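Hi everyone, thanks for making room for me today. I'd like to walk you through one structure, starting from its surface and ending at its pockets. Here it is on the screen.

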Amino acid sequence: DQSNPDLMKKFRRRFNSTTDIDSFFALRFELYMAASLIRKQIAFEKTEAPDFWIADPNYQCWIECTSARIRKKPTGGDVFYKIRSAVQAKGRKSYANRATVLAIDITNVYHVQMHKIRNHDDAHIRDVAQEALDKTRFGGLLLFYYLWRTDINQYNAIYLRFLNNHASSGVRRFVEEWFHVDDRGTLPGSIPYEG
């Protein structure tokens with residue numbers, strides 16, 4: 001709030017006018033992304049469709065944020081189709097290009113896969129995500145999920161990163177420099193139901 005009070009006012013107005021749960025979680029993830037960019041001291045502008053312009057001349061790229069959620073009890077053994085669906089839906093937008101990174105909060109999907117279906121395969125989620133990205137014009141894809149760290153009693157955002165072969169140099173540098181460690185490794189903790 002102290003770093004950019006005008007931006008926080010915009011987010012407050014949007015939160016106050018949000019009427020459905022999916023929009024709420026997408027907006028909350030957008031706010032997380034803005035806070036992350038501020039903490040990293042990356043120059044950006046808040047835009048709409050896509051959500052952010054990274055103005056730093058070293059990166060010059062766009063970020064579009066969304067979330068993927070399971071609304072009904074899963075019937076199959078794989079809920080990562082929600083990631084595929086989110087990438088496909090955003091991939092049809094005019095801003096889906098080699099200079100844009102799509103960032104998706106997958107906390108709910110990851111939680112359901114791990115706790116309800118009890119099938120957790122990191123290689124599978126990576127395959128699904130890379131395959132979905134490769135079918136779009138996006139330059140990069142970041143999948144975020146929240147982890148409650150039991151060792152330090154706090155939430156951390158963990159991410160998986162993917163680049164398309166045709167990613168712009170700005171997208172490639174942005175993802176590689178700012179999102180270079182891309183999994184939880186052996187961190188102790190649990191994934192909450194919602195991000």
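Let's begin with the surface: the protein chain exposes about 10,100 Å², and carbon and sulfur atoms supply 47% of that area. Please keep in mind that this is a predicted model. On the inside, buried residues make up 46% of the 195 residues in the chain.

Now the fold. The chain has six helices and seven strands. Reading from the N terminus, the order is α-α-β-β-β-α-β-α-α-β-β-α-β. If we take contacts with a separation of 6 or more, 64% of them link residues 24 or more positions apart.

Some of you will ask about cysteines, so how many disulfides does a search of the whole structure find? The count is zero. Two cysteines are still worth pointing out. Cys-61 is buried, at a relative accessible area of 0%, and Cys-65 is buried too, at 4%. Both values fall under the 20% cut-off for buried.

On to the pockets. As a reminder, rolling a probe the size of a water molecule over the atoms shows where empty space is left. The largest pocket holds about 220 Å³ of space. It is lined by 15 residues, and those closest to its centre are Arg-14, Ala-26, Glu-30, Asp-51 and Lys-90. Which elements each supply at least two residues of this lining? They are helix H2, residues 21-39, and strand S3, residues 61-67. H2 gives the most, with four residues. For those of you thinking about chemistry, the lining divides into seven charged, five nonpolar and three polar residues.

The second largest pocket has a volume of about 170 Å³. Around it we find Asp-22, Ala-26, Thr-66, Ser-67, Ala-68, Arg-69, Arg-71, Lys-82, Ser-85 and Ala-86. You have met Ala-26 already: it is among the residues closest to the centre of the largest pocket, and it lines the second largest pocket as well. Here H2, S3 and helix H3, residues 81-91, each supply at least two lining residues. In this pocket H3 gives the most, with three. By type, the lining has four charged, three polar and three nonpolar residues.

So, to leave you with one picture: H2 and S3 each supply at least two residues to the lining of the largest pocket, and they do so again, along with H3, for the second largest. Thanks for listening, and I'm happy to go back to any view you like.

Definitions and conventions:
Residues numbered from 1 in each chain as written. Predicted model: local features only at pLDDT ≥ 70, side-chain atom pairs only at ≥ 80, totals over all residues. Heavy atoms only, no water. 1 Å grid on protein atoms, 1.4 Å probe; cavity = no way out; pocket = protein on both sides within 12 Å on 5 of 7 lines; lining within 4 Å. Points joined across faces, edges and corners; volume = space filled by probe spheres on them. Nonpolar A, V, L, I, M, F, W, Y, C, P; charged D, E, K, R; others polar. Disulfide = S-S within 2.5 Å. Buried < 20%, exposed > 50% of the residue type's maximum accessible area, 1.4 Å probe, protein only. Contact = heavy atoms within 4.5 Å. Areas by Shrake-Rupley, 256 points an atom, 1.4 Å probe, with all protein chains shown as cover.
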